[in-house]
Structures are given as structure tokens and as C-alpha cells.
Amino acid sequence: MATVAGGWLGEYHFDHDFGESCGFEATFSAVGLDGMFHGTILDEGPLGEAVVHHARQVGDEVIFTKVYRLKKRSLVPVRYEGKLLNGGKLLRGKWAIFGGKRGSMSATTTGWWEARRTWHEKEQEVADEETEARSAATRTLSPPLHAPHGASL
């Protein structure tokens, strides 16, 4: 089964022409036995970085809440629901902001989102291991650049 763990690049879009689409980069942790994961999201827009809370994967379905780090009273958490598609290479779903303020009335803002995998957690682990192995080999194979003090070559 594919997991959400890894790196993603995507866009979220507003329903009803409320706003322009916005690109984002997300990183999600490994999924625990209970289906829980955590992560961070960096929006290209002015809202910037967010933390992922209450995140869970059940089968191909994912749900999480995005909470912006920017401290503004008008910012409310964004609820995301989505599905892993195309063998875990694509995430697609809907998002909603409940109780946001628009004028003097309480409103719900909604939209859809899509993200493509840029790297998988397993790929990163293998790359880290290969880099460490190359570093270790270089340290053991490299001859000294000069003879130690008092020694001759």
C-alpha cells in the first residue's frame, strides 16, 4: 500500500472564483501503525508555512488540518481530505475553511487541491545511506595530503 510519507508539490484552488490558485510544497512523515502522520506545508502565497495537525491515512484516504504559523486573528485552520492515486504518485481532494469571516457573516470557503510526489521517504533513506557509505569510503581510501611531522614519504 502506498503511503503519504515524502515530499509533494501541488496547488490548491478555490471554488466559486473566490481567489486565485496557490502553489505549495508539503512534506509528510512516515505513517504510524495507527495511521497517524505529521508534516509541514509551505504555501507560495503570503500565508507561508503551516503545520499539519490531526493527520491520518486509512487505506488510500488521507485527512489532515493545516494550521498556519503566521499569527493573525483572521486565519482559521483548513481541513483537507484526499486520496492517493496513480500508485501513490498523486494526491487529490477537497479542502474547507469552516467559520471564516467574509464581511460580517460567517462563511464556509471551499476548494480542491492536487499534489504530485517529488520524493518518497524510502527513497530519501536509501539516498542518505548511499551518501554515508560514499563518505566513509572516501575517508578510508584517501591518502594523507602530506606526511605527518617528522615522517618521510
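L85 counts as partly exposed, at 27% relative accessibility. Partly exposed sits between the cut-offs of 20% for buried and 50% for exposed, so L85 belongs to neither of those classes. The model is a predicted one. L85 lies in strand β6. Leaving out residues up to four places away in sequence, L85 touches L90 and R92. Both partners carry numbers that fall in β7, which runs over 90-102. A further relation reaches back along the chain. L85 and D60 are 25 residues apart in sequence, yet their C-alpha atoms are 7.6 Å apart in space.

Step on to N86. This residue is in the loop between β6 and β7. N86 is exposed, with a relative accessible area of 55%. The cut-off for exposed is over 50%, which is why N86 gets that label at 55%. Its backbone deserves a look too. The phi of N86 is near 55°, a positive value in a residue other than glycine. Now compare sequence and space. N86 and A2 are 84 residues apart in sequence, and 9.7 Å apart from C-alpha to C-alpha.

Where else does a positive phi turn up? H54 has one of about 50°, although H54 is not a glycine. H54 is placed in strand β4, whereas N86 is in a loop. H54 counts as exposed, with 60% relative accessibility.

Now step back to the whole chain. The protein has 1 helix and 8 strands. Along the sequence the order is β-β-β-β-β-β-β-β-α, with the helix following the strands. Of the 153 residues, 32% are buried. The accessible surface comes to about 10,300 Å². Carbon and sulfur atoms hold 56% of that surface. Contacts also span the chain. Take those between residues at least 6 apart in sequence: 38% of them join residues at least 24 apart.

Next, go inside. The largest nonpolar core has 23 residues. Which of them touch the most other members? They are W8, Y12, F28, F37, F64, L91 and W113. The strands share in building this core: β1 (6-14), β2 (22-28), β3 (36-43), β4 (49-58), β5 (61-68), β6 (78-85), β7 (90-102) and β8 (105-120) each supply at least two residues. The most comes from β2, which gives 4 residues.

The protein also holds an enclosed space. There is 1 cavity of 30 Å³ or more. The largest cavity has about 40 Å³ of space. What lines the largest cavity? The residues are Y12, F24, F28, I41, F64, K66, Y80 and W113. Y12, F28, F64 and W113 have come up before, among the core residues that touch the most other members. By class, the lining has 7 nonpolar residues, 1 charged residue and no polar ones. Lysine counts as charged, so K66 is the charged residue in this lining. Strands β2 and β5 each supply at least two of the lining residues.

Now look at G7, in strand β1. Is G7 buried or exposed? G7 is buried, with a relative accessible area of 1%. Setting aside its neighbours within four places in sequence, G7 is in contact with A26, R116, R117, T118 and W119. By number, A26 falls in β2, while R116, R117, T118 and W119 fall in β8. G7 and F28 are 21 residues apart in sequence, and their C-alpha atoms are 6.6 Å apart. F28 is the residue already met in the core and in the cavity lining.

Finish just past β2. S29 is found in the loop between β2 and β3. This loop residue is buried, with a relative accessible area of 16%. Buried means under 20%, so S29 qualifies at 16%. Which residues does S29 touch? Not counting residues up to four places away in sequence, S29 touches A5, F37, H38 and E121. F37 is one of the core residues with the most contacts to other members. S29 and V4 are 25 residues apart along the chain, with 7.8 Å between their C-alpha atoms. Set S29 beside N86 to close. Both lie in loops, but S29 is buried and N86 is exposed.

Terms used: Residues are numbered from 1 along each chain as its sequence is written. This is a predicted model: local features need pLDDT of at least 70, side-chain atom pairs count only at pLDDT 80 or more; totals for chains, interfaces and linings use all residues. Side-chain values use heavy atoms; hydrogens and water are left out. Buried means under 20% relative accessible area, exposed over 50%, partly exposed in between (1.4 Å probe, protein chains only). Contact means heavy atoms within 4.5 Å. Accessible areas come from the Shrake-Rupley method with a 1.4 Å probe; for residues, only the protein chains shown count as cover. A nonpolar core is a set of buried Ala, Val, Leu, Ile, Met, Phe, Trp, Tyr and Cys residues joined through side-chain atoms within 4.5 Å. On a 1 Å grid over the protein atoms alone, a cavity is a set of points where a 1.4 Å probe fits but cannot get out, and a pocket is an open set with protein on both sides within 12 Å along at least five of seven lines; lining residues have an atom within 4 Å of a point. Grid points are joined across faces, edges and corners, and a volume is the space filled by probe spheres set on the points.
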